[in-house]
Amino acid sequence: MGETYTPAPAGDAAEKIIVALDVDSAEKACTLVQQLAPPLCNFKVGFRLFVACGPPIIAALKELGAKIFLDLKFHDIPNTVAEAAEAATRLGVDMFNVHLSGGREMIKAAVKGAAVTAEKLGLPRPRVMGVTVLSSFSAEALQDTGVVRTLDEHVVALTRLGLDCGLDGVIASPREAVLLRQSCGEEFLIVTPGVRPAWAAPDDQQRILTPQQALQAGASYLVIGRPIIKHPAPRQAVEKIIAELSID
Ligand code: C5P
């Protein structure tokens with residue numbers, strides 16, 4: 001796969017980056033978006049920011065031109081997840097996610113909830129993504145939860161289940177991206193955290209790849225947080241990453 005990689009044009013490279021807005025206030029999140037958009041347009045809002053600021057943060061970021069991946073990893077009974085999916089769609093997010101271990105009915109309820117609400121409001125349906133196995137899980141920790149197949153087998157099986165239920169793709173480590181492209185094909189999205197430019201500190205990420213390596217591994221989008229948001233000049237960090245991914 002590596003040999004066939006062609007660097008993306010600068011515009012395309014910017015579109016592949018999702019900046020994790022792992023900050024604790026609306027002011028910090030909005031300042032980052034103002035600094036980075038354009039050229040960046042994709043931003044991830046996770047538990048920390050959403051719990052601290054609530055739904056108005058989504059409207060505020062969208063007002064600044066941000067496209068939003070709402071990373072709340074829904075996992076509950078199908079009816080509750082359908083209602084959460086409807087609420088996320090009403091907020092106008094572009095992507096949200098569910099835990100695939102919630103099962104077939106729950107996953108289908110999320111996709112349907114998003115589709116029905118989007119149609120009612122005349123909005124594009126947000127992309128619905130699946131979380132396979134959290135990267136914090138070891139093989140032993142997975143077995144403790146009663147899963148008897150290997151971690152890789154489990155990741156592939158959950159991905160197949162999600163795609164069968166109409167999901168747009170999965171969140172996966174770069175290592176899993178290679179496996180998933182080999183076993184499940186090219187026709188779905190893979191969003192990959194654990195990405196570090198060669199010049200950035202690894203922080204607590206264990207199995208890191210550079211942005212270019214992650215795209216080579218099969219990622220559709222790269223989630224990057226600290227190398228950008230903790231950089232003394234976040235815009236410079238972004239420009240460096242885009243240059244590394246782009247044809248001059
Ligand atoms: O700062 P950093 O680039 O490590 O941020 C990565 C983002 O992706 C964080 O928001 C983190 O919670 C998230 N994430 C991750 N690993 C996963 C799933 C999500 O790092 N397996």
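This passage describes the ligand site, an aromatic pair and some backbone features of a predicted model.

The ligand sits in the largest pocket. Two elements each give two or more residues to the shell around the ligand: β8, spanning 221–224, and α11, spanning 226–229. The surrounding residues include Val223 and Ile224, followed in the list by Gly225, Arg226 and Pro227. Ala20, Asp22, Lys44 and Ser135 are also among the residues around the ligand. So are Pro193, Arg196 and Gln205. By class, 5 residues of this shell are nonpolar, 3 are polar and 4 are charged.

Polar contacts to the ligand involve both side chains and backbone. In aspartate 22, a side-chain N or O atom is 2.7 Å from an oxygen atom of the ligand. Serine 135 places a polar side-chain atom 2.8 Å from a ligand nitrogen atom. Arginine 226 contributes through its backbone: an N or O atom there lies 2.7 Å from an oxygen atom of the ligand. Taken alone, the ligand exposes 470 Å². The protein buries 78% of that area.

Away from the ligand, ring packing was examined. The structure holds 1 aromatic pair. Its members are phenylalanine 74 and phenylalanine 96, with ring centres 5.7 Å apart. The ring planes meet at 50°. Planes under 30 degrees apart would count as stacked and those over 60 as edge-to-face, so the pair of phenylalanine 74 and phenylalanine 96 is tilted. Phenylalanine 74 belongs to strand β3, residues 67–74. Phenylalanine 96 belongs to strand β4, residues 95–99. The pair therefore ties together parts that are 22 residues apart in sequence.

The backbone also shows some unusual geometry. Most peptide bonds are trans, and most residues other than glycine have a negative phi. The peptide bond from alanine 37 to proline 38 is cis, with omega near -15°. The next bond, from proline 38 to proline 39, is cis as well, with omega near 10°. Proline 38 lies in the loop that joins α2 (26–36) to β2 (42–46). Proline 39 is found in the loop between α2 and β2 too. Lysine 73 departs from the usual sign of phi: its value is positive, about 45°, although lysine 73 is not a glycine. This lysine is found in strand β3, the strand that also holds phenylalanine 74 of the aromatic pair.

Note on methods: Residues numbered from 1 in each chain as written. Predicted model: local features only at pLDDT ≥ 70, side-chain atom pairs only at ≥ 80, totals over all residues. Heavy atoms only, no water. Near = heavy atom within 4 Å. Polar contact = N/O pair within 3.5 Å; in protein donor to acceptor, adjacent residues only side chain to side chain. Areas by Shrake-Rupley, 256 points an atom, 1.4 Å probe, with all protein chains shown as cover. 1 Å grid on protein atoms, 1.4 Å probe; cavity = no way out; pocket = protein on both sides within 12 Å on 5 of 7 lines; lining within 4 Å. Sits in = over half its atoms within 2 Å of the grid points. Helix = DSSP H or I, 4+ residues; strand = E, 2+ residues; numbered from the N terminus. Nonpolar A, V, L, I, M, F, W, Y, C, P; charged D, E, K, R; others polar. Phe/Tyr/Trp six-rings, centres within 6.5 Å; stacked < 30°, edge-to-face > 60°.
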